[in-house]
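User: I should like to learn how to read an interface, a helix and a set of salt bridges from atomic coordinates. Please take each feature in turn.

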There are 2 protein chains.
Amino acid sequence: MHRPLEFVASHACFGGVQRYYRHASRETGLHMPFGIYLPPRALHRAPVPALLCLGDVDASEDTFASLAGAQRLASEMGLALITPDTRPRAVHLPEAANSFYLDATQAPWSRHWRMESYLVRELLPLVAAELPIDGLRLGILGHGMGGHGALMLALRHPGLFRSLSAFAPIASAASSSCGQLALGNCLGPDREAWQTYDACTLMAAQARPPYPRGILVDQGLADTWLAAQQLQPEALVAACAQVGQPLTLRRHARHDHGYHFIQSFIDDHLHHHAAALG
Amino acid sequence: MHRPLEFVASHACFGGVQRYYRHASRETGLHMPFGIYLPPRALHRAPVPALLCLGDVDASEDTFASLAGAQRLASEMGLALITPDTRPRAVHLPEAANSFYLDATQAPWSRHWRMESYLVRELLPLVAAELPIDGLRLGILGHGMGGHGALMLALRHPGLFRSLSAFAPIASAASSSCGQLALGNCLGPDREAWQTYDACTLMAAQARPPYPRGILVDQGLADTWLAAQQLQPEALVAACAQVGQPLTLRRHARHDHGYHFIQSFIDDHLHHHAAALG
């Protein structure tokens, strides 16, 4: 019997289960782990809407699942939370510690670093086929590098996600130094190619507002990544304004980049997504 | 200027702050770290009641603070959360990985392993003196080994804590194999001495119910520590019954020993403590 998902662990949580699986990935050519929170409703086999939650640099499939405090309200709302790993790990490659959720075109990264295709063409269909997830009711959320990932994937794949939010996203990967390092390694020196993965460039090129219900972004003002010019929320504001995309950007005094920040506002994000996912 | 507390880190969280400090400890003779969540009310310098939260084997001052999801409701309730480390770490000693929150009498442990005196005679007074904590309104909660710690300290120090609860506590340290190892190392081979730190023995010896408002205990039925006879909630039930101590022991199908279990029920514990702490 073919078992596409290998069970790793399951923890009862708020009437549902926080599960961990791994699977042999066609896209990355490696075993990939992921976490999924299934609310009580899903345990009765009713397909539930799901939120793809993309972690920041160094996050694993367990980070958001353990630290964000999202399961309490997700349980009530009947919302699943999918937490993939942030990069292929079963292979060591020089100088490409951060995936930026893209498909690399340059050797040696191009063989395994196919995070965009992995998420969009493999993980989401797999989860919808194997678990009680409604693949037509998906939202996407991300943190830091995962905030870039959420914005970028939501703009490159129109119609795939119904709702979009981010915590302290890297708004313009092509103009942040950490993004430039990853884009240079994975896509090569042609800076035109980098723009195809830059959330602000993608937004500014939209013919009409892609998320008419609005995008929710929270940003802490004591975030050292913000001070280091890696995040540039003002660039996202400008790009959204250019195409009339509604954006709610909330700036929070004293808050930093960590999970105590995310915890503090995660309920607002879940409400934002639930309103679109029904 | 004498600075008894050395600031380590602070993270804004639900309108309050999750802080980390360290200090030179008189009792352990070592630097000891701790975490403290201060709700918004405390930031306006109004002394707030506090809950001493004792972690399980291998927990640090950060474990409960990051994984329990307690700050959301603690913020609303105006309750501080004090999360000490679980043992002295700045010194290596053989075969005593777990402190059981006691004062060791046997060399080589007796010099530094003074967790009971550290918590009761040093950390709590220090926190009440240096931070906006009301030292007369304290509750205690613990998990696993920390559940033993909470029950044991609450029974050995009458009047210090107004409220008591535990997640999956080691109810009888002297009759669990992991407790026996620690008690043997720290107190020597005399098993009579072990009983002075055994929560069930301490409870059974009470002249009257020490916590007339009741003790709250949650236990997962898929807990591998339960199956391994380390927890023995039935012994706590018997000891409480013997002295008429009200005990609410809730058994939860499918739940294990981890923080997804704690997250799921932490709000009930905070309500339990807030009712006593005012």
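The dialogue below treats the interface, one helix and the salt bridges.

Analyst: This is a predicted model, in which local features need pLDDT of at least 70 and side-chain atom pairs count only at pLDDT 80 or more, while totals for chains, interfaces and linings use all residues. Residues are numbered from 1 along each chain as its sequence is written, chains are lettered from A and ligands numbered from 1 in the order in which they are written, and side-chain values use heavy atoms, with hydrogens and water left out.

User: How many residues of chain B are in contact with chain A, and what area is buried between them?

Analyst: Contact means heavy atoms within 4.5 Å; by this rule 24 residues of chain B touch 24 residues of chain A. Buried area is the accessible area (1.4 Å probe) that two parts lose on being put together, summed over both. Here the area is about 1900 Å², with 46% given by carbon and sulfur atoms. B:Ala12, B:Arg254 and B:His260 supply 32% of what chain B buries against chain A, more than any other three residues.

User: How many salt bridges cross the interface of chain B and chain A?

Analyst: Side chains of opposite charge can pair when their charged atoms come close. A salt bridge is a side-chain nitrogen of Lys or Arg within 4 Å of a carboxyl oxygen of Asp or Glu. The rule finds 0 across this interface, although the structure holds 22 over all chains.

User: Which residues of helix α6 of chain A are buried, and where do they lie around the axis?

Analyst: Helices are DSSP runs (H or I, at least four residues), and strands likewise (E, at least two), numbered from the N terminus. Buried means under 20% relative accessible area, exposed over 50%, and partly exposed in between (1.4 Å probe, protein chains only). In α6(A), residues 177–187, the buried residues are A:Cys178, A:Gly179, A:Ala182, A:Leu183, A:Asn185, A:Cys186 and A:Leu187. They fall within an arc of 165° (taken from the directions from the helix axis to the C-beta atoms), so they line one face of the helix. These residues pack against α7 (191–195) and α9 (224–227) of chain A.

User: Which residue does B:Asp268 pair with in a salt bridge, and where are the partners?

Analyst: B:Asp268 pairs with B:Arg250, the closest N and O atoms being 2.9 Å apart. The bridge links distant parts of the chain, helix α11 and strand β9 (residues 247–252) of chain B, 18 residues apart. B:Asp268 is partly exposed at 32%, and B:Arg250 is partly exposed at 23%.
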